[in-house]
Amino acid sequence: MPIILYTTLQIANVYIASPTVDEPGHLVAGLSHWELGNFDVYRVNPPLPRLVGSLPVWLIGYVPPLDEFTRDQKKRTEFDLGRSYICDSGPDAYWHFVLGRIALIPFGWIGITTTWLWATSLFGRKAAMVSAMLYATSPNLLAHGGLLTPDATATAMGLLAGYRFHRWLSARDMANLFYATVALGTAQLCKHTFLVFYPLMVVLILADSCRRGTHWRSLFSGVAACLALIVGSLFIVNLGYGFEDFGRPLNQYQFVSRLFRGNEVDSTTKWVRDGSQVHPLDKDRHRFSNVPLLSDLRVPLPGNYVRGLDHQQADFESGMNSYSLGRLRDHGWPYFYGLAMGLKTPIGTLLLIPLSLAISPLFRRHADWLPLAFAVAIHVAAATKGGFTMHYRYVLPAIPFVFVFAGRAVTVGGFRSTIAWACFGAAVTGSVLSWPNHLAYFNAFTIGQQKGWFLLDSNLDWGQDLRRLQWWTETEANGSSVYVASFNHFDVAALSGGKLKNLLPDHLVPLGSDSDRYLGSKPRPSDYCAISVNQLRGLGKPIYTCDAKPWVIDPLWLRRVRRLTPVAEVGETYKIYTFQQLHSISQSH
């Protein structure tokens, strides 16, 4: 039942949702892996999800434009390549994404099945049904499970790694150790988040060894298991990358993050300062260059896995835009993920957690709290990266571990069981009824305030409603043109086959100061302008076109637009105005 429900909802999701912000980059990156045989593009994420998602598109013979591809270790080209891909494929891109998204749906089956098996082993079949249904109807997992991005795929594989580790920890046999090793290595091929599993598993293994007895053999077997897990899983990682750059000396890497480079970068001069010495930014130096033994150490990891970690660390260090509760700033908040969980998880699911904790005894066996240990580790690891906090999906892998434990709430009898079942029913019903707006799902705690005040970006508006906007244009616009200020990295007009138009500076006269650079007819007062919630809230990306330079809408003008009453709304993410409304505030500016 949970798998059937999940699949039904996902088949509809993959068709309705338009390509989101990151998806073109992931698809082109996957196609470049198959076409070029390397993993340079989108190296900040391991390649397994996009290899699977791009395979159907590659098999039908589509080859994306790769003119901007480079093997430069310091450059990220996935968004430029994704933009070129949309310009090249046009409306056909919709069907490419349908194929790729469907290929990733089976990972959701793995997650649901693993949730069922783990909850059954801990709390019985009744609890397992609850846990599996929570997974199958989770608005966050449904939202990202229907996209060609790594978050939901990684969530399922991370849960599988945790479950197989639980099985080995209970049985301590070679077969389960092998399965745990393969599962852990496969999870590492989906997301760097699961690096936190290594120290956690080591601690758990050594603690369990001490619990089993004080004899030195017990501790020795624990240490041997740790080594087997680490070495075996790293072999799987290298196998997934085709042993690309395996054993490359550390001094041959060019790092860009302060953590690995160890120098202060002056962004104005593009030089690196190291004490009294000054070095060019592109010189192959880092904190390990002059360290004996380390500089010549051969790294037992794929080259692009290491570079991806470095680039990801640099992103967190750079202080990118973060948004929460109406505030936009250049660094994050330590409470962000807890807040996002409280707002984007069904209230019924949230209530099941304390109900599960209230059951006495709290932990009958050490295995009962293992799912919570994994969930907490993922949250803590994410919270320590304070450079920016924008995406709840970064802790998406923690959610199913909570579901496994939450099923425990229905295992008691009496009135508490009735309350638990009522919470479960409310959670499932509310999530299913929120279709097809799962990506923009917020629970009842947000009633009375616009969702965009609480969270933005992939928590609300990731460009997913563009196709629904195109359908609105065909049925409701009555022949009027619709100009779009969307939130993405590509040309909206190219993707829609010209049915939607890009909003350009000269459309907002007198605000457009250099409109002579742009071509295109002026909109009529009766034409419409659809503006994404992110743009209205000041989190706008540049508006990209295939044949002109990108431009950014004046945030002060957008603030004035927010005071207008839209004539229509599409999904949860587009507010639609007439140009008569927009020109009135432009002229009064």
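## Exercises on a predicted model

D457 lies in the loop that runs between α19 and α20 (466-476), and this residue opens the set of exercises below, which all concern a predicted model.

### Exercise 1: backbone angles that stand out

Determine what sign the phi of D457 has, and state whether D457 is buried or exposed.

Solution. Start from the general expectation: most residues other than glycine have a negative phi, and most peptide bonds are trans. D457 is not a glycine, yet its phi is positive, at about 60°. Next, take the accessibility: with a relative accessible area of 10%, which is under the 20% cut-off, D457 is buried.

Then turn to F243, which is likewise not a glycine and has a positive phi of about 55°. F243 belongs to the loop between α11 (216-240) and α12, and because its relative accessible area is 34%, F243 is partly exposed.

Finally, consider the peptide bonds: W435 and P436 are joined by a cis peptide bond, with an omega of about 5°. P436 sits in the loop that connects α18 (414-433) with α19 (451-454).

### Exercise 2: the two faces of α1 and α10

Work out which residues of α1 are buried, and where they lie around the axis of α1.

Solution. First check the geometry of the helix: α1, residues 2-16, has 15 residues and reaches 21 Å from its first C-alpha to its last, close to the 21 Å expected at 1.5 Å a residue. The buried residues of α1 are P2, L5, Y6, L9, Q10, N13, V14 and I16. They cover an arc of only 155° around the axis, and therefore lie on the same side of α1. That pattern can be read against a general rule: an α-helix has 3.6 residues a turn, so residues three or four places apart point the same way. The face of α1 turned away from the buried side carries I4 and T8, which are exposed.

Now repeat the steps for α10, residues 197-212, whose 16 residues should span 22 Å at 1.5 Å a residue; the end C-alpha atoms are 22 Å apart, which agrees. Its buried residues are F197, Y198, L200, M201, L204, I205, D208 and S209. Seen down the axis of α10, these buried residues fall within an arc of 160°, so they line one face of the helix. On the other side of α10, V203 and C210 are exposed.

### Exercise 3: the largest pocket

Explain why the largest pocket lies between domain 1 and domain 2, and find which helix gives the most to its lining.

Solution. Begin with the size: the largest pocket has a volume of about 1,100 Å³. It is lined by 43 residues, of which Q312, D315, F316, F388 and Y394 are the closest to its centre. By kind, the lining divides into 23 nonpolar, 11 polar and nine charged residues.

Next, assign the lining to helices: α12 (258-261), α13 (303-317) and α16 (370-383) each supply at least two residues, and α13 gives the most, with six. Last, assign the lining to domains: since domain 1 (1-241 + 323-433) and domain 2 (461-587) both give residues to it, the pocket lies between them.

### Exercise 4: residues brought together across the sequence

For R537, H96 and H331 in turn, establish the place in the fold and the level of burial, and then give how far apart the C-alpha atoms of each stated pair are.

Solution. Take R537, which lies in the loop between α22 (533-536) and α23 (555-561). At 18% relative accessibility, R537 counts as buried, because the cut-off is 20%. Its C-alpha atom and that of Y323 are separated by 9.8 Å, although the two residues are 214 apart along the chain.

Continue with H96, whose place is in helix α5, residues 92-123, and which counts as buried at 8% relative accessibility. H96 and P24 are 72 residues apart in sequence, and 10.0 Å apart in space from C-alpha to C-alpha.

Finish with H331, found in the loop between β5 (327-329) and α14 (336-344). Because its relative accessibility is 37%, H331 counts as partly exposed. The partner here is G386, 55 residues away along the chain, and the C-alpha atoms of H331 and G386 are separated by 6.6 Å.

How values were computed:
Residues are numbered from 1 along each chain as its sequence is written. This is a predicted model: local features need pLDDT of at least 70, side-chain atom pairs count only at pLDDT 80 or more; totals for chains, interfaces and linings use all residues. Side-chain values use heavy atoms; hydrogens and water are left out. On a 1 Å grid over the protein atoms alone, a cavity is a set of points where a 1.4 Å probe fits but cannot get out, and a pocket is an open set with protein on both sides within 12 Å along at least five of seven lines; lining residues have an atom within 4 Å of a point. Grid points are joined across faces, edges and corners, and a volume is the space filled by probe spheres set on the points. Helices (H or I, at least four residues) and strands (E, at least two) are DSSP runs, numbered from the N terminus. Ala, Val, Leu, Ile, Met, Phe, Trp, Tyr, Cys and Pro count as nonpolar, Asp, Glu, Lys and Arg as charged, and the others, Gly among them, as polar. Domain bounds come from an automatic or database domain assignment. The expected span of a helix is 1.5 Å times one less than its number of residues. Buried means under 20% relative accessible area, exposed over 50%, partly exposed in between (1.4 Å probe, protein chains only). The arc is that of the directions from the helix axis to the C-beta atoms.
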